[in-house]
Amino acid sequence: MPDFNRFPRLLSGLGLFISGGIVGSAVFLSLYHHTYNVLVIDNLNLRKENSELQLDIESLNKFRNKQGLITHVTVHLYNSVQHPLESHVEKAIEDRVKRDLKIVEGQKVGEIRDSPQLYERIITNKTYYGVVDKDYIVNVKSMVLVQSELTVWITAEEPRKLPAPDKGTNAPGGDSF
């Protein structure tokens, strides 16, 4: 076994070089994972946008020769300043509301213009369960009908949960838990 006491500078330099390699590879790997994560999120957003555009093309081709019919429904979510939602949650809620309003496509513009409350009631105070593991109540802010496009602005908030009664208290009907 060689005597390592004869090479103190060589050993300290080798140790510094190896620790620098380990730290450098850790920094590189963290940067790589961050950029890969951004790439995956962008890819998912582009795939969703592509599928939406394909659906829009299908609906426009279906109603191309028919004037006076709703051909496109657009949904926008107002994001609360006090309780902002994440972008993927917003997109999921908008997609669900758009799916519910799919029945409006192909309807005559005059019918929607004459009774907008009927179509507003489809989604007003509706609870959407399991949107990114949470529930949201959706309300309509406004609806605008321009030519053959219906644009709906909505708000979404989590339902308020009532506190559960204690086990030893009496319920309103006199029954105890």
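**A buried glutamate, a pocket and a loop**

Glu90 is buried, yet has no salt bridge. The nearest side chain of opposite charge is that of Lys91, 9.0 Å away. A salt bridge would need a side-chain nitrogen of Lys or Arg within 4 Å of a carboxyl oxygen, so Glu90 goes without one. These values come from a predicted model.

Glu90 sits in helix α2, which spans residues 87–100. Its side chain does find a polar partner: the side chain of Asn79, at 2.5 Å. Asn79 is also among the contacts of Glu90 beyond four places in sequence. The others are Leu77 and Leu85.

Leu85 appears again in the largest pocket. This pocket holds about 410 Å³ of space. It is lined by 17 residues, and those closest to its centre are His83, Leu85, Ala156, Glu157 and Glu158. Three elements each give two or more residues to the lining: α2, β3 (134–146) and β4 (149–157). The largest share, three residues, comes from β4.

The loop between β2 (126–131) and β3 holds Val132. Asp133 lies in this loop too. Most residues other than glycine have a negative phi. Val132 departs from this pattern, with a positive phi near 50 degrees. Asp133 is not a glycine either, and its phi is positive, at about 65 degrees. Val132 is partly exposed, because its relative accessible area is 42%. Asp133 has a relative accessible area of 79% and is therefore exposed.

Technical notes: Residues numbered from 1 in each chain as written. Predicted model: local features only at pLDDT ≥ 70, side-chain atom pairs only at ≥ 80, totals over all residues. Heavy atoms only, no water. Helix = DSSP H or I, 4+ residues; strand = E, 2+ residues; numbered from the N terminus. Buried < 20%, exposed > 50% of the residue type's maximum accessible area, 1.4 Å probe, protein only. Lys, Arg positive; Asp, Glu negative; His and termini not counted. Polar contact = N/O pair within 3.5 Å; in protein donor to acceptor, adjacent residues only side chain to side chain. Contact = heavy atoms within 4.5 Å. 1 Å grid on protein atoms, 1.4 Å probe; cavity = no way out; pocket = protein on both sides within 12 Å on 5 of 7 lines; lining within 4 Å. Points joined across faces, edges and corners; volume = space filled by probe spheres on them.
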